[in-house]
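This report is meant to be read beside the sequence and the model. Please keep both in view while you follow the text.

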Amino acid sequence: MRTEAQVVVIGGGLIGCSILYHLAKLGWKDCILLERDELTSGSTWHAAAGIHGLHDNSNITRIQHYTMNLYKELEAETGQGCGVFQPGSLYLAQTEAREHQLRLQEAKAKYYGMNFHEVSRAEAEKLHPLVNYDGIRCIMYEPDGGNVDPSGVTQAYAAGARAMGAQVERFCPVTATEQQPDGTWIVRTPKGDIKAEWVVNAAGLWGREVGAMAGLKLPLIPTEHQYFVTEAIAEVKAHGMRLPSVADRDGEYYLRQEGDGLLVGAYEKNMKFWAEDGTPQGFGHELFADDLERIEDNIMRAIDRLSVVGDAGIKRVINGPMIWSPDSNALFGTVPELSNYFCCNGIIPGFSQSGGLGLLAAQWIIEGEPQYDMFAWDLARFGDWADAKFTKAKVQDQYANRFSIHFPNEERSAGRPARVRPAYEMQKDMGAVFGLNCGWEHPLWFADKPGVTDTNGFTRQNWFEPVANETKMLRDHVGVIDISNFANYRITGPGAHDWLDALLANTIPTEIGRSCLAPLISVRGGIAGDFTVTMLGEGDYMMVGSGMAERYHQRFFNAVPLPEGTVFNNVTDTTAGFNIAGPKSRDLLARMTNVDLSHEAFRFMRSQQITVAGVDCLAIRVSFTGDLGWELHCAEADQVKLYDALITEARAMKGGPVGGRALGALRIEKGYGSWGREYSPEYFPQEVGLERLVKPAKNFLNKAAWETIKDEAPREHLVGFEIEVTNADASGGEPVFMPDGTPAGRITSGAFGASVGKSLALGFVKADTAKPGDTVDVFILGAPHKARILEQPAFDPEGKRLRG
């Protein structure tokens, strides 16, 4: 066994073997995988192993498509059979909402060049004559859908890795991982120690235990999961061809052919946890006792759809463990608090994603960043607030609602509240309906009484009118927006300016009271973040950024050493903030402070330390609404006092509280991008209109990467859309086509712009396909809606309100 390696991969299941294979394929062959037992031990060996291409997240669709195509290549490359069966998959819609979802996925498939299309009932009956299609509104067919052999795929990855020079060591449990002062690792095993540059935790059911060796508390918990295989069914055998799998998610079961029988699995409401306090070290290829009564309701729905299931005997029952994250997405990426430690844990549809996750993991480790924006899967989306109680509640909800539609803007309540500010109870009494943002409860909109909750769907919901009213109220009068979900950082000391200047691409202010907008450049030259930086005093700066990216950005902060005597403090937990915006915002603040707020005395992108209603605040003249406004940042302890005073004055001026959904509509009216939607590592500055904020005369993090792409013509352009639609609005992910059907782009954000009376969206169009002024089709509710690409923002294109 090697004593030194570039990477030690811990875990010999599907994902660990895929990562090892892709590391070797990308050129890192001095790698070793350690498996405590036999390959596939844990949850890999008993998986149903279905494969499908489409996902609600476009980048996951890309990696699933890659994975599906990889398996046959693996067989040819390694000679190891993967047991690939691709008879196709039928997707059934019993409800209008499911039909909307499937039609949107059909449009996405057309955009990405994937094969997923509607079939008639007659066509479906030819493909799968055993299904009763009564009551089905819509049937989609994915010809490449199917399943693989769990053991075959895992062994193929391992064989391919070995052939390229990587090593696989079975029956070699890891007993400790110890980081060294130089950032490398010592991985201890009964067979000897290994010195490694990198450690990869792909330990599956033991991901928590392996993480704990490095001091990590990963938000993961296992559950039981059951499926069964029937005895041979004469009708299946007589069909003569392999039947397509059936995805009847409204029925909350899945079904495919297995031999001459059928495999039926379910995610039941009465779910069951397992090994909450830790996965037993001796567990390997064991299963739990059958408990089919727990999935009886799901089975009965399957029998209603395929009566042959009810007539068949049961050949075997598989009741085994799966390990989940709070949102059922993978915990993927480097750990911000550690050097050279990578996680890939909590993967549920592993056989649809294994190849893509392995490829992107290898890219991240070797090249410093994956080719796709993976923030929705990035482990940095969770912090310490995602504790055991939160994780258990969320996993219970995710499991029980595995096949439920996750509607646009839907906010599920399980596990909440996790973190609240002092003003939470006051806002709740005011009728606030909350969303979750980096653990914080954040007001999304305000109902006319307490206790109202969101309705959910693809069409406009119960919050449409209140949010429109908040939007118009701010544009006509004044609004008070809680921005305490923003991330706040304080950098102090003699090297504060130099550190920020070395981190960010814009020139950092050297005059007290000045602010700037500054992008953070990613490893590949894209947009890793955007910040407002304010000089408070000599060697004293405040930096404000995206709250949801707080832990994600820590990776970049760590990449620039702090000068001696300089201190970086994350003050998010102790800082609260409000944005006061609208044409009357100056008048409102004038009633509450003695500071001169005139345009001449307090210009745009300037700041002052002021007192508002007796509360000390940092006031920055900036607003994400695109309207006249100020951000007020205060100590969290003063939040209630300041909020009460602001709301009282606002209401006296026909204004009031404004939530996050209205803020989203306001920034879309103005054409402002948002990190995680329009701004991401995938997009270059010149593609999103931020190139003027990148200063080539100075040095900054990842400047060399930016220099390699700065003169490239934009691949896509960020643009605004005005859409002809009356009952729904774009939310993000909808594909855009030219009138002749040519794929043109995709939506990243959408909302109804109440102050301009139009349904609006932001998104990207291909530079050589569409341009401002063109008419295009945006697929909302899975159907084309005419839209015009805007030449300028719908609201205040000249910025007169913002700078007035």
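What follows describes the cores, one helix pair, several single residues and some unusual backbone angles.

The structure is a predicted model, and every value below should be read with that in mind.

**Nonpolar cores**

In soluble globular proteins, nonpolar side chains tend to be buried together. The largest nonpolar core here has 50 residues, and those that touch the most other members are Val7, Val9, Ile19, Tyr71, Tyr157, Phe332 and Phe342. Among the elements that give two or more residues to this core are β1 (4-10), α2 (58-78), β11 (192-201) and α10 (350-367), while α1 gives the most, with eight residues. Valine 7 illustrates how distant parts of the sequence meet, for, leaving aside its neighbours within four places in sequence, valine 7 is in contact with Leu23, Trp28, Asp30, Cys31, Ile32, Trp198, Val200 and Ile365. A second, separate core of 48 residues includes Val533, Tyr679, Leu690 and Phe764.

**The pair α1 and α5**

Two packed helices are described by the angle between their axes and the distance between the axes. For α1 and α5 the angle is about 30 degrees and the axes lie 8 Å apart; angles under 35 degrees count as roughly parallel, so α1 is roughly parallel to α5. The crossing in which α1 passes α5 is left-handed. From α1, the residues Leu14, Cys17, Ser18, Leu20, Tyr21, His22 and Ala24 meet Val153, Thr154, Tyr157, Ala158, Gly160 and Ala161 of α5, and the residues of this contact divide into nine nonpolar, four polar and no charged.

**A mostly covered helix**

How many of the 11 residues of helix α18 (residues 660-670) are buried? Nine of them are, which leaves this helix mostly covered. The buried residues include Ala662, Leu663 and Leu666, but also Arg661, Arg667, Glu669 and Lys670. The elements that the buried residues of α18 pack against include α13 (464-476), β34 (743-753) and β35 (758-766). Just after α18, glycine 671 takes a positive phi of about 80 degrees.

**Two single residues**

Is glutamine 427 buried or exposed? This residue, placed in helix α12 (residues 424-429), has 2% relative accessibility and therefore counts as buried. Beyond its neighbours within four places in sequence, glutamine 427 is in contact with Ala432, Phe434, Pro443, Phe446, Asp482 and Tyr643.

Valine 567, found in strand β26 (residues 567-570), counts as partly exposed because its relative accessibility is 38%. Although valine 567 and isoleucine 491 are 76 residues apart along the chain, their C-alpha atoms are separated by 5.8 Å. With neighbours within four places in sequence left aside, the contacts of valine 567 are Arg490, Ile491 and Thr492.

**Backbone angles**

Most residues other than glycine have a negative phi, and most peptide bonds are trans. Against that background, the table gives two residues with a positive phi.

| Residue | Phi | Loop | Relative accessibility |
|---|---|---|---|
| Alanine 275 | near 50 degrees | between β15 (261-266) and α8 (296-305) | 18%, buried |
| Leucine 781 | about 60 degrees | between β36 (775-780) and β37 (783-789) | 17%, buried |

The peptide bond that joins arginine 416 and proline 417 is cis, with omega about 0 degrees, and proline 417 is found in the loop between α11 (388-400) and α12.

How values were computed
Residues are numbered from 1 along each chain as its sequence is written. This is a predicted model: local features need pLDDT of at least 70, side-chain atom pairs count only at pLDDT 80 or more; totals for chains, interfaces and linings use all residues. Side-chain values use heavy atoms; hydrogens and water are left out. Helices (H or I, at least four residues) and strands (E, at least two) are DSSP runs, numbered from the N terminus. Buried means under 20% relative accessible area, exposed over 50%, partly exposed in between (1.4 Å probe, protein chains only). Contact means heavy atoms within 4.5 Å. A nonpolar core is a set of buried Ala, Val, Leu, Ile, Met, Phe, Trp, Tyr and Cys residues joined through side-chain atoms within 4.5 Å. Axes are lines fitted to C-alpha atoms, for helices over the stretch in contact, and angles run from 0 to 180 degrees between N-to-C directions. Angles under 35 degrees count as roughly parallel, over 145 as roughly antiparallel, 65 to 115 as roughly perpendicular and the rest as oblique. A crossing is left-handed if the near helix is turned anticlockwise from the far one by less than a right angle, and right-handed if clockwise. Ala, Val, Leu, Ile, Met, Phe, Trp, Tyr, Cys and Pro count as nonpolar, Asp, Glu, Lys and Arg as charged, and the others, Gly among them, as polar.
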